[in-house]
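Q: Please take one part of this protein and look at it closely, setting it against the fold as a whole.

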Amino acid sequence: MERRAKMIQALIHVILILVSITMLVPFLWMILTAFKSMSEATSVSPFVIFPSVWRTESFTTVINNMDFFHLYLNTLLLIAGRVIAAVLTATLAGYAFGRLEFRGKNFMFSLILFQMMVPGQIFIIPQYLMVSKMGMLNTIFALVFPGLVTAFGTFLLRQAYMGLPRDLEEAARLDGCNIGQTFLFIMSPLTRSSMVALGIFTAVFAYKDLMWPLICNRDVMPLSAALAKMQGQYSSNYPQLMAASLLACIPMIVLYLIFQKQFIEGIATSGGKL
């Protein structure tokens with residue numbers, strides 16, 4: 001039995017290693033293509049994997065032609081705005097749905113569940129009309145607007161608050177705390193890991209959001225929209241496209257290195273996946 005268990009464990013490790021390599025292949029291919037020439041990047045030969053000469057012209061051309069400083073700034077403002085708004089609104093709504101009793105609670109929460117079930121694309125036209133009526137098209141606010149309220153975050157925080165014992169609220173009430181003080185000083189600190197998980201999810205979703213920035217903005221674009229505009233209708237310069245994609249990955253890599261511990265704890269605590 002012990003030998004069989006070791007064999008099964010070894011097989012699992014081999015499978016996990018193969019899956020990890022498979023997931024790394026696109027990223028490695030992007031790096032290699034960024035240093036290739038156009039002929040090498042479009043070669044159909046399966047043996048043209050590494051560039052014959054490591055070229056940096058694609059990076060130079062992309063940096064000179066694209067204003068990466070403003071693209072980075074727009075992307076960071078987009079991520080920060082959506083994360084702050086999502087965590088704030090989801091925390092308040094999650095506490096209300098998870099711990100308070102009020103008229104129409106179940107009906108309103110069912111609307112939130114319905115919003116999670118339908119594709120997000122059906123809200124694009126109403127959201128565009130709302131932003132247009134406010135005169136906020138082509139602004140950072142337009143990029144942040146769809147993430148001001150999150151149904152997924154409300155559901156996630158509601159489940160977190162429902163998992164806390166009732167004794168905490170009763171003890172706070174005996175100590176003279178009202179609803180606001182109980183929420184602010186007792187309950188919300190205990191759901192910090194769920195807030196971190198929501199912030200991680202929101203940051204990743206905001207970073208890779210493509211359709212909405214292309215619709216609402218012409219000039220104030222994040223990295224995803226700027227990369228999409230590099231894609232030609234009939235042909236594309238793949239080394240330059242991969243070089244720009246590699247430069248676009250830098251913010252998320254830096255954020256991951258800084259918040260690596262919180263990232264892993266948030267994913268493990270929420271039980272979710274990206």
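A: In this predicted model, 72% of the contacts with a separation of 6 or more are between residues 24 or more positions apart. The protein has 16 helices and zero strands. Its radius of gyration is 23 Å, whereas a compact globule of 274 residues would have one near 19 Å. Along the principal axes, the C-alpha atoms fill a box of roughly 75 × 70 × 30 Å.

The part chosen here is helix α3, which spans residues 57–65 and holds serine 58. Serine 58 has a relative accessibility of 10% and therefore counts as buried, the cut-off being under 20%. Beyond the residues up to four places away in sequence, serine 58 touches Ala34, Lys36, Pro239, Gln240 and Ala243.

Phenylalanine 59 comes next. Apart from neighbours within four places in sequence, phenylalanine 59 is in contact with Ala34, Phe35, Ala243, Leu246 and Leu247. Ala34 and Ala243 thus appear in the list for serine 58 and again in the list for phenylalanine 59.

Phe59 also belongs to the largest nonpolar core, a set of 32 residues. Together with Val62, Met66 and Phe68, Phe59 touches the most other members of that core. The element that gives the most to this core is helix α14, residues 238–248, with seven residues. In soluble globular proteins, nonpolar side chains tend to be buried together. There is also a second, separate core, made up of 11 residues, among them Leu156, Leu157, Phe183 and Met195.

For the protein as a whole, buried residues make up 36% of the 274 residues. The accessible surface comes to about 17,100 Å², and carbon and sulfur atoms account for 69% of that surface. As for charge, there are 19 positive and 12 negative charges, and their mean positions lie 6 Å apart.

One backbone detail outside the chosen part can be added. Asparagine 138 has a phi near 65 degrees, a positive value in a residue other than glycine. Asparagine 138 sits in the loop between α6 (124–133) and α7 (140–144).

To return to the chosen part: serine 58 is a buried residue of helix α3, with Pro239, Gln240 and Ala243 among the residues it touches. Phenylalanine 59 has Ala243, Leu246 and Leu247 among its contacts, and is one of the four residues named as touching the most other members of the largest nonpolar core.

Notes. Residues numbered from 1 in each chain as written. Predicted model: local features only at pLDDT ≥ 70, side-chain atom pairs only at ≥ 80, totals over all residues. Heavy atoms only, no water. Core = buried A, V, L, I, M, F, W, Y, C linked by side-chain atoms within 4.5 Å. Buried < 20%, exposed > 50% of the residue type's maximum accessible area, 1.4 Å probe, protein only. Helix = DSSP H or I, 4+ residues; strand = E, 2+ residues; numbered from the N terminus. Contact = heavy atoms within 4.5 Å. Rg over C-alpha atoms; globule rule 2.2 N^0.38 Å. Areas by Shrake-Rupley, 256 points an atom, 1.4 Å probe, with all protein chains shown as cover. Lys, Arg positive; Asp, Glu negative; His and termini not counted. Charge placed at Lys NZ, Arg CZ, Asp CG, Glu CD.
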